[in-house]
Amino acid sequence: MATFGTLSDRLVETFKNLRTKGRLSASDVDGTVREIRRALLDADVALEVVKQFTADVRDRALGDEVNKALNPAQQVVQIVNEELVKILGGEQRKLQFSKNPPTVIMLAGLQGSGKTTFAGKLAKKLRGEGHTPVLVAADLQRPNAVNQLQVVGEQAGAVVFAPEPGNGQGDPVKVSKAGVEFARQKQHDIVIIDTAGRLGVDEELMRQASKIRKATDPDEVLFVIDSMIGQDAVNTAKAFQEGVDFTGVVLSKLDGDARGGAALSVASLTGRPIIFASNGEGLNALEDFHPDRMASRILDLGDVLTLIEQAQAAFDEEEARKVADKLANEAFTLDDFLEQMQQLKKMGSMKKMLGMLPGMGGQMKQQLENFDESEIGRTEAIIRGMTPAERQNTKILNGSRRARIARGSGVTVTDINQLVNRFEQAAKMMKKVARGENAGIPGMGAMPGQKPGASSKRGKKNKGKFQGNRSGNPAKRAAAPELPAQAPAGAGFGLGAAAPTDASEPDMEEIRKLFGNK
């Protein structure tokens, strides 16, 4: 979500200053609202939206819900989060399917907004949900637009209806109408019509889009908007709403580096919900848009729900159960490790996934930017350079074997040594976790179901011996001042944990080690 990165940084920094205050005065609230207003305007959010947003935040921040709160700063963050959800559309809105197939989905937008790529992404997503979409090539104006849709359709595994060659030839209205009829005859339950765009809004564009809509009577008209086009996004959205009247919005190129805040204004100013968000070039880089989750990402509160959903889609439950059994029985091998890495790659970019974790902004942001995902490929190459016996038992990896693997995978023997050491340490740690033991992870106490104080065998050996700073001599112990009991650092899954601190370099180093980085 690089598009909203600058806005997120500004808002997080603003709230950080609030956390040092026990009570908030009117001047504190005004100062915070002023910084929020500047951050939103710098991010290209429409002025009309900024005014309404900051006014609502100020009214609520000066009200009783903050004055009576135990932690006023957190309450203000909650208010901003709720108001952000509101301008992003409130609740999630899914595609509306026709009761009598086929469902017709018409795409509209300017040239270069990403309509054709989105058509392929949507087709692949719908195929994964059990639908049989057909792509209709109704963009007959842009050079090679038909060929591009055919390539994208082939990659998505979807049928493409393209009776005309395009490049200025053919009638897009007739093609669209014939595409719907083709889907009905061939029993495709969804039709996705890729229409032509222009470099700017003009009368011809609107006339053609309006004719296609009347001819096909679509169930959904999705307006695809480039998240990086700045303030012009609002004017373009209003023009399409008046000319075509779309039913939903698709935000494309959310992985770009532009400020992109104008995209936040579209749902609020048009009254049309954002249904999808596209954040990459790959056909898997398409998400259902959840206003509450997007607001959480912008405020650096994380998006754990989306991360869990992606993990559930990428990982096989039965395989995960087998791996857990192997970990508990010390049978986890490099073959299993390689398989887990491949499933992890199905989830997409590692940077993107780590960015969904709460608190990954601020100091961690630069560390994430320096995260080298190519190391995962090198780790795969090393493991694939081993024989089956070597993957099953790393103990047989002597010097000559390691030298052979290094030559075959294009790395050094030091790289081989580091990988083997990391794997053995990780397998040992995960084995303890699988058994419900304390794996020695900083800040993590007893696992659920584990008795307080229960630990590894080593801990049991030391039971009854000298521990802490207390003497074993009863007389000396009675004379020494009683030390205050320390609260546990935290419990499993963060229950009872200490207040979170800013992420540090050691934290990032652990992440690098986990994913194979040096």
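The exercises below work through a predicted model, its sheet, some helix residues and its salt bridges.

Residues are numbered from 1 along each chain as its sequence is written, and side-chain values use heavy atoms, with hydrogens and water left out. Because the model is predicted, local features need pLDDT of at least 70 and side-chain atom pairs count only at pLDDT 80 or more, while totals for chains, interfaces and linings use all residues.

**Exercise 1. State the average pLDDT of the protein and examine residues 439–469 and 481–503.**

Step 1. pLDDT is the predictor's confidence in each residue, from 0 to 100. The protein averages 74, and 64% of the residues score at least 70.

Step 2. Residues 439–469 have a pLDDT below 50, with 28 contacts in the model beyond near neighbours in sequence; a contact means heavy atoms within 4.5 Å. For residues 481–503 the pLDDT is also below 50, and the corresponding number of contacts is 27.

**Exercise 2. Describe the order of the strands in the open sheet and find its edges.**

Step 1. Helices (H or I, at least four residues) and strands (E, at least two) are DSSP runs, numbered from the N terminus. Two strands pair if DSSP finds at least two bridges between them.

Step 2. The open sheet has eight strands in the order 3-2-4-1-5-6-7-8, with mixed pairing. Strand 3 (159–161) and strand 8 (286–288) each have a single partner strand, so one side of each lacks a neighbour in the sheet. On average, neighbouring strands are turned by 25° against each other, direction ignored.

Step 3. At one edge, strand 7 (residues 274–278) and strand 8 run antiparallel and are joined by three bridges. Ala-277 stands opposite Glu-287 in strand 8.

Step 4. Helix 8 (residues 172–186) lies across strands 1, 2, 3 and 4, at about 165° to strand 2. Axes are lines fitted to C-alpha atoms, for helices over the stretch in contact, and angles run from 0 to 180 degrees between N-to-C directions.

**Exercise 3. Decide whether Ile-212 and Ser-265 are buried or exposed, and list their contacts.**

Step 1. Buried means under 20% relative accessible area, exposed over 50%, and partly exposed in between (1.4 Å probe, protein chains only).

Step 2. Ile-212 is in helix 9 and is buried, because its relative accessibility is 0%. Outside four places in sequence, Ile-212 contacts Met-106, Pro-172, Val-173, Ser-176, Ile-193 and Thr-195. Its C-alpha is 7.8 Å from that of Lys-177, 35 residues apart in sequence.

Step 3. Ser-265, in helix 11 (residues 262–270), is likewise buried at 0% relative accessibility. Not counting residues up to four places away in sequence, Ser-265 touches Val-45, Ala-46, Val-49 and Val-234.

**Exercise 4. Count the salt bridges and place three of them.**

Step 1. Side chains of opposite charge can pair when their charged atoms come close. A salt bridge is a side-chain nitrogen of Lys or Arg within 4 Å of a carboxyl oxygen of Asp or Glu. The count is 18.

Step 2. In helix 8, Arg-184 and Glu-181 are three residues apart, about one helical turn; their closest N and O atoms are 3.2 Å apart.

Step 3. Arg-207 and Glu-204 are also three residues apart, in helix 9, and bridge at 2.6 Å, N to O. Arg-207 is partly exposed at 35%, as is Glu-204 at 38%.

Step 4. Lys-395 and Glu-424 meet at 4.0 Å, N to O. Lys-395 lies in the loop between helix 19 and helix 20 and Glu-424 in helix 21, so the pair ties together parts 29 residues apart in sequence.
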